[in-house]
Amino acid sequence: MKQLMRTAVGMLSVAALSCTFAYGAFAAEPEEPISKTAAQETFSDVAVLDLKDGEYAVNVDLLGGSGKAYVNSPTILTIQDGRAYAHLEWSSENYDYMIVDGETYFPTNTEGNSVFESIPVLVFDEEMPVIADTTAMGTPHEISYTLTFYSESIGSKSQMPQEAAKRVLLMAGIIIVGGGILNHYVKKKREH
């Protein structure tokens, strides 16, 4: 019986360690921010960031309108072919389109807060003007806002609260499955 318990505990430990190495630390430590040289204090070229294609987390501030609206921060920053795109989730479901650099973007969801994917990030560390149309006041109104994406905050996507929640759920699943396996073997051992 003791050997069975040791084996089960060992299996759970290996599974937990594998999960930790595969998905990052359980309680994600913030990674070091990407450093910039003095010549890179303000810029609009993604190449200066020296980021590979992939998904990252970035802090973003929204200013304008009545001051009540916000976008979730940090948010997902996607780098693709040397261009940066943000995944923006507004604090309201009433935004039916955004205009960025003359292009119109529509939400990618039909329920819940308005979510816009692939919004181009034209500049970092400076205010980027955007227009968002809201239907919250009965009739549609275009409202001018600015978004500021902070280059020093760019880090691993695992820093986002949503990613940490996924790791917690994965660990809970491993523990539940491991406990079920252990329970099965203990019951079998008792029957014999």
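Student: What makes S8 and S9 a pair, and in which sense do they run?

Tutor: In this predicted model, S8 and S9 are joined antiparallel over 8 bridges. Two strands pair if there are at least two bridges between them, so with 8 bridges S8 and S9 qualify. One spot to look at is Glu127, which stands opposite Thr148 in S9.

Student: What lies between the two strands of that hairpin?

Tutor: There are 6 residues between S8 and S9, and Gly138 in this hairpin takes a positive phi near 95°. Ala136 also sits in the loop between strand S8 (127–134) and strand S9 (141–149).

Student: Why is Ala136 called exposed?

Tutor: The cut-off for exposed is over 50% relative accessible area. Ala136 has 52% relative accessibility, so Ala136 counts as exposed.

Student: Which residue is 43 positions from Ala136 in sequence, and how far apart are the two in space?

Tutor: That's Glu93: the C-alpha atoms of Ala136 and Glu93 are 8.6 Å apart.

Student: And Ser92, where is that, and is Ser92 buried or exposed?

Tutor: Ser92 is in the loop between strand S4 (83–89) and strand S5 (95–100). Buried means under 20%, and Ser92 comes in at 15% relative accessibility, so Ser92 counts as buried. Leaving out residues up to four places away in sequence, Ser92 touches Asn113 and Ser114.

Student: Back to the strands. What makes S2 and S6 the edge strands of their sheet?

Tutor: Start with the order, which is S2-S9-S8-S5-S6 in an open sheet of 5 strands with antiparallel pairing. Strand S2 (60–64) and strand S6 (103–105) each pair on one side only, and that is what puts them at the edges. On average, neighbouring strands of this sheet are turned by 30° against each other, direction ignored.

Student: How do you know that S2 pairs with S9?

Tutor: Count the bridges: 5 of them join S2 to S9, and the two strands run antiparallel. The cut-off is at least two, so S2 and S9 pair. Among the partners, Leu62 bridges to Leu147 in S9, and Asp61 bridges to Thr148 in S9.

Student: Leu147 again! What does Leu147 touch?

Tutor: Skipping neighbours within four places in sequence, the contacts of Leu147 include Val60, Asp61 and Leu62, along with Val71, Leu88 and Met98. Glu126, Glu127, Met128 and Val130 are on that list as well.

Student: What makes a group of residues a nonpolar core, and which members touch the most others here?

Tutor: The members have to be buried nonpolar residues joined through side-chain atoms within 4.5 Å. The largest such core has 30 residues, and Leu77, Trp90, Met98, Tyr145, Leu147 and Phe149 touch the most other members. S9 gives the most to this core, with 4 residues. In soluble globular proteins, nonpolar side chains tend to be buried together.

Student: Zooming out, how many helices and strands does the protein chain have?

Tutor: The protein chain has 2 helices and 10 strands. Along the sequence, the pattern reads α-β-β-β-β-β-β-β-β-β-β-α.

Student: And what share of the residues counts as buried?

Tutor: Of the 192 residues in the protein chain, 31% count as buried. The protein chain exposes about 11800 Å², with carbon and sulfur atoms supplying 55% of that area.

Student: What share of the contacts links residues 24 or more positions apart?

Tutor: Such pairs account for 59% of the contacts in the protein chain with a separation of 6 or more.

Methods
Residues are numbered from 1 along each chain as its sequence is written. This is a predicted model: local features need pLDDT of at least 70, side-chain atom pairs count only at pLDDT 80 or more; totals for chains, interfaces and linings use all residues. Side-chain values use heavy atoms; hydrogens and water are left out. Buried means under 20% relative accessible area, exposed over 50%, partly exposed in between (1.4 Å probe, protein chains only). Contact means heavy atoms within 4.5 Å. Accessible areas come from the Shrake-Rupley method with a 1.4 Å probe; for residues, only the protein chains shown count as cover. Axes are lines fitted to C-alpha atoms, for helices over the stretch in contact, and angles run from 0 to 180 degrees between N-to-C directions.
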